[in-house]
Structures are given as C-alpha cells and as structure tokens.
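Have the sequence and the 3D view open side by side before you start. We'll take a walk through the structure, one region at a time.

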Amino acid sequence: MCDPTDVIEDLDDDICKLATSLCTDDDDDKGTKSKQSKDDKEREIGLSTMPTPSIVGKIASVLVEKQVQGLPSACGQLEEDDDNDRGIGWKGRELKLGECEREKDKMSPTEVKKAIEVGTLGAQTVNTAAALLNSANGLARSANNAQSADFSGDVPEEPVVSKKSGLLYEKRLIERHISDFGKCPITGEPLSMEDIVPIKTGKIVKPRPVQAASIPGMLGMFQIEWDGLMLSNFALEQQLHTARQELSHALYQHDAACRVIARLKKERDEARSLLAQADRQMPLLAPTATTIEASALSNGKRGRADEDMGTVGKKLHTGISASIIAELTDCNAALSQQRKKRQIPPTLAPIDAIERYTQLSSYPLHKTSKPGILSVDILYSKDIIATGGADTNAIVFDRPSGEILSTLSGHSKKVTSVKFVGEGDLVVTGSADKTVRLWQSSENGNYDCKHILKDHTAEVQAVTIHATNNYFVTASLDNTWCFYDLSSASCLTQVEDTSGSGGYTSAAFHPDGLILGTGTSESIVKIWDVKSQENVARFDGHVGAVTAMSFSENGYFLATAAHDGVKLWDLRKLRNFRTFSPYDENTPTQSVEFDHSGSYLAIAGSDIRVYQVANVKSEWNCIKTFPDLSGTGKATSVKFGPDAKYLAVGSMDRNLRIFGLPGDEDPAES
C-alpha cells in the first residue's frame, strides 16, 4: 500500500511542473512576446498575466486525475450512495468495502489509527482538489470574460455582448473590428453588427493607476501637477501684465479724448456766443428815425410829440434764430441744475417776523392830477424800486435814501408795466399808448429813452424779462405777444393767437426761461413754448380778465389773479389745485406775487395778504393781512423786497407804501 502523504506531495510537484511547462509552451507557441527581464516576467506572472482557459483546464484535469488515481489505493472504495452523500466522489479500484473491514480487523490498533489519519487526510485532499477545480473553472471564466470584454485591456465604457458567443466587447472597438475583418476577435467566428446587443450598466469607476499605488508614484503625480500649476500661473501673470498695459493705454486715450471734447465744447460755446452777439448787433432795420426821436429826450424830458412817429419805428420780424434758441436752452439747463441745489437762504424773513410787519413809510411819487401806481418792480442788488403810474410817468426810486433817482417821461398814456433789466442799467416800460420804451441809465444817474418800439396796435399790458437779460416779451390787447432782442431793440417774432380768446392782459416768463405764461381778457391762461412759439397748455376757470400772474421759484406752481380771486396751478399735472377768494364778487384781485425764494405768496386787492407757500396737498395758511391805507380800496400791485424783508405796495393813490418790521424805517421819509 502506498503512502497518501507521498502521493499528495507528488501531486503538488506534478501540478507545479505542469503549470510551468504549459505556460512555457504557450509562450513558445505564440512567439509574439519579446524578451523581458526577470523582474518584468515575475511581475507579469504575479500581477498582470492571467493564464488562458486552456492552461487552467489542463491544470484542473491533471489535478483531478492525480486525486482519482492515487487516493483510492490508500483509502479504499466506498459505496456510491455514501460517496454521493459525503460529496467525496471516491471509487476504489482494488478494495471493496468488505475487504476494507477485513483488513481493519487484521490491523493492530496503531495501524488502524494511522489508517484513520490517512483517510482523514485523503478526504481533506479531495476537498482541496474540488475547491481548486472550482477556482480553476472560475479563473477560466474570468479569463474568457476579460478577453472578450475588451481585447484592448481596458474596462469597457460602452459595453456590448455578442449573441453568438456571449462575449463582452467595447462598442467602438468591436464596430471597427467588424468593419475591418467581419469576424469575432476571440473565437474567429463570422460576426456582424446585428449580432451585437448593447448592455445597460451603471457608472463605471476606472481602477486607480499604477502610479497612485505607491508613495513615490503619488509624489511624482503631485510634482507633475505642481509644475502644470506653476506654468498656468505664469501664463496668467503674463496675461494680467498685458491686460494692465492695454488698460493703461485705453485710460490714456480716454483722458486725451475727454480733453479734446472739453476743448471742442469750449470753442463751440464761444462760437455760439459770438454768433448770438453778431445776430443782435446786425442792423436789421433803419433805426435812424428812432434814434433821432430818442436823442430829443434827456433826463425824462419830452421832445416832439409822439403822435408824429407814424410807422417809422416798425421792425422786421426775422424769427428766433437757432443760435438764440441754443442760448435759451443752455440757460434753461444751467438754471435747472442750480434749482436742484437751491436752498432757502438763512437771511430770509421768518414767519413770525412777517406777522409783525406794519407800514413803515409812504412816498408820494406820482402826480395828483392822475393818481394811481399800476406797476412795481424792485432791483434787489441795489434795493431800487421802479413804479409805473397812471400819470404817464415811470419813477426810479432809491428806497434806502428815500430819493427819486429819475423820472421817465415820454409815454402819452398810463404806464401799465415797468421792469428792470440785469443790474438796472436798462428799464423797460409798456404803456397804454401802444408803445414799449427802453431806458438807458446815464452817468448822472438819469435814464434816457434809447428806443421806442411800436409793434403793437393796442395797449401794452405786460412786460417780462428773460432770465438771460438779453431778451424780453411784451403782451398787448391786440391779441399778440412780441419777443424782443434787447441789444438791437428789434422784434424777432410777433405771435398772434387766432383762437379768439381775447387780448392779453398779463404775461410772465417761467424761471427757466423756456416757458411763457399769458393771461387774457377772456379769463384764459395760456402756456407757450418759447422755442416753437406754440401754445402747449390752456387753463380755464377764472372769471374776468387775468390781471396778474407769477411763477414760483421752484418752477412747479403758477399763481394767477382775476376778478374771482387767485388760482394756483400745478404745472406738472396741468391742473388747478387751490383757489383763494379773499374778496367779495365786486372786488377784483389786482396783483399776485411769489417772493424770490418761493416761500411766500402775496395777494393785493382791497387789502394785502401774505400766505405761506406749501405743497399741493398741504394747506396754504394766511400769515398776515395788511389794510389798504390809501383809502381807495384798490391795491394794484405788490412786490417782495430782498429776502422778504419788506413789501412794496402800490395803490390807486399816488403813494408807494413800504411794509416791514418796526425799527427798520428808512432814514428819509416824505
């Protein structure tokens, strides 16, 4: 009887030799591998090279054959049923079960014990062989799957399976192989794209590369990534430097362009100014007769009768030129910007001071034969007051000294309107004699008539000066208003209203200068666009002629006076938002005036009332009421002094009255 231990050892040696010979034979048959170093072969055998299915099959066959042939001679043959239950699979060739029993009876106890140990060892060896056989079969299947999965050696990203062989491939590679050869790369059988079925798989995680399996390999990867990062950083720094240079160049070009634009704007403004000046100085008419007529007047003395003037003073109407419109627009823009930053001056008279105002003085400026002051204007910079009277004269009066500076005589009928221009070197008067006169101050302090304008065919009711102090507008009962150039004393345009709303009885420029307001004898208030001379708004609601109007300094409100009282209009929404009716139906309101700061509103009729200016929704409270001390019951004009420190009031008697705080009386009082 052979020793089972020797059989098992011989079996292990045979398996190793057979595996080595089979691997060597397989390499010789292929003939495709190049010579490799010993380390490469060991790594290939130990890690990467997987035995082919044929090699694994041969190893398994030899292993089984050795087990079957050697072990039964040592252990004997068992019954098939018992063998199947135990899963051992032995079938003795020489001994039957009975023979084993008889042999057992002949053995000594030591031999029996040894036989049992040999049998147990044989059973363990059989189990080991079966496990090795199962492992070999699994390795064979894995090898087949590995080879058929992707003959490129990589895990397939888009796997497909063959209907014929059941092998797994990478889709893009098997498609290319079929298109080139038309057969399976593993089995060699004919294969077409109809035999390929796609497989749905989850997300494939590729194995970690060999370099990441060791610390030196990972350090090498980190070094490569660091080098790439540094190169990228260097490229970014170069791009940043280039961008900075381009930005610096662009900023330099922008600065140069801004300087060029500023210079061009300055030249444009200078050219516009010169053009406007040339337009004003251009002799449009023959002013010889007017100049001769004006030269006969000195210090308010009347020369020849005005009745002989005829139509010599008529002027051509050339229209408002583009340069003048540009000048008006620039003035409007500048004043609008200033208005946004405007603040109420701290020197403005407070409400409690106005509440204590009383009459300080009274000056009899006009003649007693035809009493009545119809118009008042104040030159704030010099505190000089001009009045227009029913006695055909205009008076220039110095309020601080209480002296009359000049009497402007020349009109043949009452002076309905008087206005200062600029710093007071010019005074413009309108009269019921249908003329407008321009008065120039002289060195001796008197005002001489320089121009007589006779463009209207009816009474001139109002004169208003533009904010540039270069132009003015007159309104007349002939249903027209005229736009004049002061430097040339020429009428640039005469606008006639064909709507039949009656003649004009009042007029005023908006503080910004591009809007003109007019009031008519038919109770209509009209708003005009100065640039286009078009009527852009119309306010109805008054009763009787619109006798006066005034724009608020903020540019939002317009106050108009008529027989039925005073109405306040919101120019933003073009509607009436408040009405004052301080007097009875038989007493008209003659004058209305905002102060220069837009904080107070004064109304003149049978008395004088001062209101605190509020907004559209708030109440406008009456601060103070002054009685009409003239005895006529008709206060015809009212005007606030500088910072509302006093009020100048004209009535139908010949006196100019000043209302202010007690203690502020003038040094000289007539």
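Is K171 buried, partly exposed or exposed? Click on it and have a look before reading on. The answer is that K171 counts as partly exposed, because its relative accessibility is 29%. Keep in mind that what you're looking at is a predicted model, so every value here is computed from that prediction.

K171 has a partner, too. Its side chain meets that of E158 in a salt bridge, with 3.5 Å from N to O. E158 is also partly exposed, since its relative accessibility comes to 43%. Now check where the two residues sit: K171 is in helix α7 (residues 171-180), while E158 is in the loop between α6 (109-149) and β1 (159-162), so this pair ties together parts that are 13 residues apart in sequence.

That's one salt bridge, but the structure holds 14 of them. Let's visit a few others. D540 pairs up with R538, and their closest N and O atoms are 3.3 Å apart. D540 counts as partly exposed because it has 44% relative accessibility, and R538 is partly exposed as well, with a relative accessible area of 45%.

Now jump to D653 and R657, which form a salt bridge whose closest N and O atoms are 2.9 Å apart. How buried or exposed is D653? It counts as buried, at 11% relative accessibility. R657 is buried too, with a relative accessible area of 7%. The cut-off behind that word is simple: a residue is called buried when its relative accessible area is under 20%. There is also a group to find: D377, E593 and K639 are linked in a network of salt bridges.

Next, let's look at some strands. A little background helps here: the strands of a sheet pair through backbone hydrogen bonds, and they can do so in a parallel or an antiparallel way. Go to strand β10, which covers residues 426-431. This strand is mostly covered, as 6 of its 6 residues are buried. Its side chains take turns: L426, V428 and G430 point one way, V427, T429 and S431 point the other way, and all are buried.

Who are the neighbors of β10? One of them is strand β9 (residues 415-421), which pairs with β10 in the antiparallel sense over 6 bridges. If you want a spot to zoom in on, find S417, whose bridge partner in β10 is G430. β9 and β10 make a hairpin with 4 residues between the strands, and in this hairpin G422 takes a positive phi near 60 degrees.

Strand β11 (residues 436-441) is joined to β10 as well, by 5 bridges, and these two strands run antiparallel. Here, V428 stands opposite L438 in β11. β10 and β11 form a hairpin with 4 residues between them, and K434 in the turn has a positive phi of about 75 degrees.

Move further along the chain and you'll come to an open sheet. It has 4 strands in the order β13-β14-β15-β16, with antiparallel pairing. The strands at the edges are β13 (460-465) and β16 (490-496), each of which pairs on one side only. From one strand to the next, the twist averages 20 degrees. Inside that order, β14 (residues 471-476) and β15 (residues 480-485) pair over 5 bridges, and Y471 has D485 in β15 as its bridge partner.

What about disulfides? The count comes to 0. C491 makes a nice test case: the nearest cysteine sulfur belongs to C482 and is 3.9 Å away, and C491 is in no disulfide. A disulfide needs its two sulfur atoms within 2.5 Å. C491 is buried, with a relative accessible area of 0%. C622, on the other hand, counts as partly exposed at 39% relative accessibility.

Our last stop is on the surface. I215, M218, L219 and F222 form a nonpolar patch there, with about 410 Å² of accessible area together. One of these residues, L219, has its place in helix α8 (residues 215-281). L219 is exposed, because its relative accessible area is 53%.

Methods: Residues numbered from 1 in each chain as written. Predicted model: local features only at pLDDT ≥ 70, side-chain atom pairs only at ≥ 80, totals over all residues. Heavy atoms only, no water. Buried < 20%, exposed > 50% of the residue type's maximum accessible area, 1.4 Å probe, protein only. Pairing = 2+ DSSP bridges. Axes fitted to C-alpha atoms, helices over the stretch in contact; angles between N-to-C directions. Patch = residues over 30% accessible without salt bridge, like charges linked within 9 Å, V, L, I, M, F, W, Y side chains within 5 Å. Areas by Shrake-Rupley, 256 points an atom, 1.4 Å probe, with all protein chains shown as cover. Salt bridge = Lys/Arg side-chain N within 4 Å of Asp/Glu carboxyl O.
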